[in-house]
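Reader: Please take a close look at one part of this model. I would like to know how one chain meets its neighbour, and how far the prediction can be trusted there.

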Amino acid sequence: MIAETGLAALYLAAALALLQLAVTAIPALADKAVATARPIALAQGLLTCISFLCLVLVFIRTDLSVTLVAANSHSAKPFIYRFAGAWGNHEGSMLLWVTVLALSGALLALLSRRMPERMLSAALGAQAALALGFYAFLLIASNPFARLNPAPAEGQGLNPLLQDPGLAFHPPTLYLGYVGLSVAFSLAVGALITRDVGPVLARAMRPWVLGSWIFLTLGIVAGSYWAYYELGWGGWWFWDPVENASLMPWLAATALLHSVSVLAVRGGLRTWTMMLAVVAFSMSMVGTFLVRSGILTSVHAFAVDPTRGTFILALLLLYVGGALALFVWRAPAVGEGARFALVSREGALVINNLLLSVILAVVFLGTLYPLMVEAATGEKLSVGPPYFNAVAGPLGLLLVLLLVVGPLLRWRRHDAPITRKVVPAVLVGLATLVATVILAPDISLMTRVGLAAGMALIPASLMPLFGRSLRRTPLATWGMVLAHLGVAISVLGMASDAAFTRERLAAARPGERLEVGPWLIDFVSVTPVAGPNWTALEARLRASQGGGTKELHPQARVFTSPLTETSEVAIATTWNGQLYTVLGRQTGDRWQLRLWWKPFVTFIWFGGVLVALGGLIALAGRGWTNRRNRRRLQEAEL
Amino acid sequence: MKGRLLLAVPLLLLAAFAGVALWRLSSPPDTVIRSRLEGQTLPQFSLPAALPDRPTVTSAEFADGQPKLLNVFASWCVPCIAEAPVLLELKRRGVRIEAIAIRDRPEDIAAFLDRHGDPFLGIGSDLDSKVQMTLGSSGVPESFVVDGRGTIRYQHVGPIMPQDMATVLAEMEKAK
Amino acid sequence: MSLKPKHQRLVLALSALVALIGAVLLAMWGLRDRAAYFVTPTDIASGTVEEGDALRLGGMVQQGSLKQLPDGVTLRFIVTDGKEQVETRFRGIPPSLFKEGSGVVAEGRLRGRTFEADNILAKHDERYMPPQLGNSVAEHAAGQTVEK
């Protein structure tokens, strides 16, 4: 019954999307369009929520007559993972996708009071068009509510590897990001159709871009940390196609965020902003396609299905092609932006966007290269970290260096000498450089520059706060400062991890002592332990670096049903880094132990969280400022 | 004019991407290795019994006039656990199933059958995958529909899931 | 120096194009020596493979060839595709599904006659058989069957 309700709600939502499109597209209905479209969009959002709720319910109750539940769940699964299992599969996550899409449309309809009606109507129409394609995909090719007859006695989804909080909860965060960008896309399409690209549009678009970008940042940071502690390889980013699929929209969204600010504040970069708005959501769709079509092999990928892949490709071509064609047609008519000099904040932001776009392009090319080569020559090859680190690394560093100077430039034209404000950053950078040459002569050039640039960015990101009243500084500026500071800290973490990580791989007997970096590790014992559905061999390690000791218990674990072996990493965190330990196999009377000392590696994710927090402060700040201004306006009118 | 051309570049890139994607979708990588033996006679083999109290499996038993399902599995194989209830259901519907256990130990096989059910008539032990390789099977689990004359009619790579049951039953019917 | 609006738009558009072309050139440079080719033991035996290049070697771990070296952390095994064999060494903790008789893809490079693996790729189930290998194993096996 519940499954059928969910399916019915989905069909209804699709019908409403069609109606929404019709109402906003038919010229004869133009003046009633927004008034009618608003409630329709709200209803659509509500219906998809109901549908998703139904799916969650059948999972929680382990209704094995639903094929999806039978294939992906199990009655013995803990509640939290039965719940999260609803989206831990292709169909369920696609339903989540569509739910977020519809909810974004509803929010757009609800919250946009100050946009010109024609623009809002066109945007709602575009959003409905997007939704229609994905409803069709769900209902035709990926029905989450299909029934299974006869219902099996038990489900098949008890894989312990998938029962992990990080794995369960980081996809929704990412979807809120990816799919939230659809609103920026729809607004851009709406603006291009109504030929109304300007600061008003930018001010309407900005909070959506900011919100989506915050979620994407958090999702990527969470995914990175999850892979780090779960895979047991000591790495935090693997340039896996699925990881790249989340990075590419983020790069586009970051560029869009900066571009839309220029458009909002200065009226410049109109064409560019429209293009980026289209590209950002396009990259979300490309990412969805890459992950679900099976054309790229990855440890993460969902079940392979070429027919579904073709469907998504068709949607992609329709939407992205359509938007790009619209862009070609209408962009020349977009008004001209305000002029600015090369040396100005606009200029720096243009260079920022160019750099981000180049990084996006090289990541895209690298991800697709194996496919292109195989199509052309039949040769099979793989492209991995050596390529991506070599091209993206230096570009990233260039961005950091740009960040040192950029926020300090004036709008339109920067005539005043910049030197005084930049001096602290340059001094810190040079000092770091010299320090690393003396204390760490063997590290690579890129890590050395990374350390110097990261350190230089710390004073540089705080510089915009100097010389002004801190109380009167808008929250948006605080947000920017915090976000840029987060970048500095993250870069420092990455450089430190690359330069100073120490590793020790050994086969040791209990009672022996190992050294890694400044740590002395006593390998105390290996004992069998057991959990609710697993047994393991657990090593007891006692680590000390001068002061107190820390105990670590890495495990080689075997889950009983289904039979799976995993390695449970043990991590000890201190203020200056992490000790990362892995237990391997037994060889004779010795045990394989792999130990890493990773100085300041936590800065990578901590910095990322600061970046997202900065964004949140900026978003909240603007919202608060807007409300306060509106109140003041109302008071003035009385 | 030059402006318009520049604006069209992203469209060209999209077209190029679509071309590559379509190529790959239409010629998927051969991650599913099909047996070259579909339509050919089951290769001759004779294996020792996997369990002391159960009959073994030989190729001769597949030419007794009625189709049988040959299931290649192992106790250490995770997807085999997922497949077990489906095999039980197939047996309940009258499908006769013979099994070959790959690189397995009697005690583990016995424990597996105890825990997940035993739909098999006979179980042969293939300790070094030799017979598995002659069947053109590249992994576990895999199942073969063999008709009454000993010809391989259909190969199912991977576990037989509930949604595949209909196909397998249809192939068994066709093999009659 | 400020440009006229018309010129400014042109400069911006051109800079975008230059950036795109630059990205493609950068990617080509990066890919030249850093893409890893997929090879089988037969490819290595035929001498067409360069020493030192990043490679992915695919095949089966030959029965009886897996040995742990005395240091306790280095594994030595032979990767075969039914026709040729390659001696391989791996220093580290192998994934749990890595056993004799199973499919394997090792990332690393060739040094002399030995393949030095930095990484052994794990798959989530035993159905993984590297692409070019699968068919050759079946063909090889079918050949044996005919002789019987």
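**Chain C: confidence and contact**

Author: Start with the weak stretch. Over residues 123-148 of chain C, pLDDT stays under 50. For that stretch the model has 59 contacts beyond four places in sequence. This is a predicted model, and confidence varies along the chain. In chain C, helix α3 (residues 131-147) has the lowest confidence, with a mean of 30. At the other end of the scale is strand β5 (residues 85-91) of chain C, where confidence is highest, at 93. Taken as a whole, chain C has a mean pLDDT of 75. Of its residues, 77% reach 70 or more. For the complex, the predictor gives an ipTM of 0.84 and a pTM of 0.83.

Now the contact with chain A. Chain C brings 33 residues to it, and chain A brings 36 residues. On the chain C side, α1 (5-34) and β1 (35-39) each supply at least two residues. The most comes from α1(C), with 15 residues. By residue class, the side of chain C that touches chain A has 19 nonpolar, nine polar and five charged residues.

Strand β1(C) also pairs across the chains. Its partner is strand β1 (residues 381-383) of chain A. Three bridges join the two strands, which run antiparallel. Within this pairing, Ala36(C) of β1(C) has Ser382(A) standing opposite.

Note on methods. Residues are numbered from 1 along each chain as its sequence is written. Chains are lettered from A and ligands numbered from 1 in the order in which they are written. This is a predicted model: local features need pLDDT of at least 70, side-chain atom pairs count only at pLDDT 80 or more; totals for chains, interfaces and linings use all residues. pLDDT is the predictor's confidence in each residue, from 0 to 100. Helices (H or I, at least four residues) and strands (E, at least two) are DSSP runs, numbered from the N terminus. Two residues are in contact if their C-beta atoms, placed from the backbone, lie within 7 Å. Ala, Val, Leu, Ile, Met, Phe, Trp, Tyr, Cys and Pro count as nonpolar, Asp, Glu, Lys and Arg as charged, and the others, Gly among them, as polar. Two strands pair if DSSP finds at least two bridges between them.
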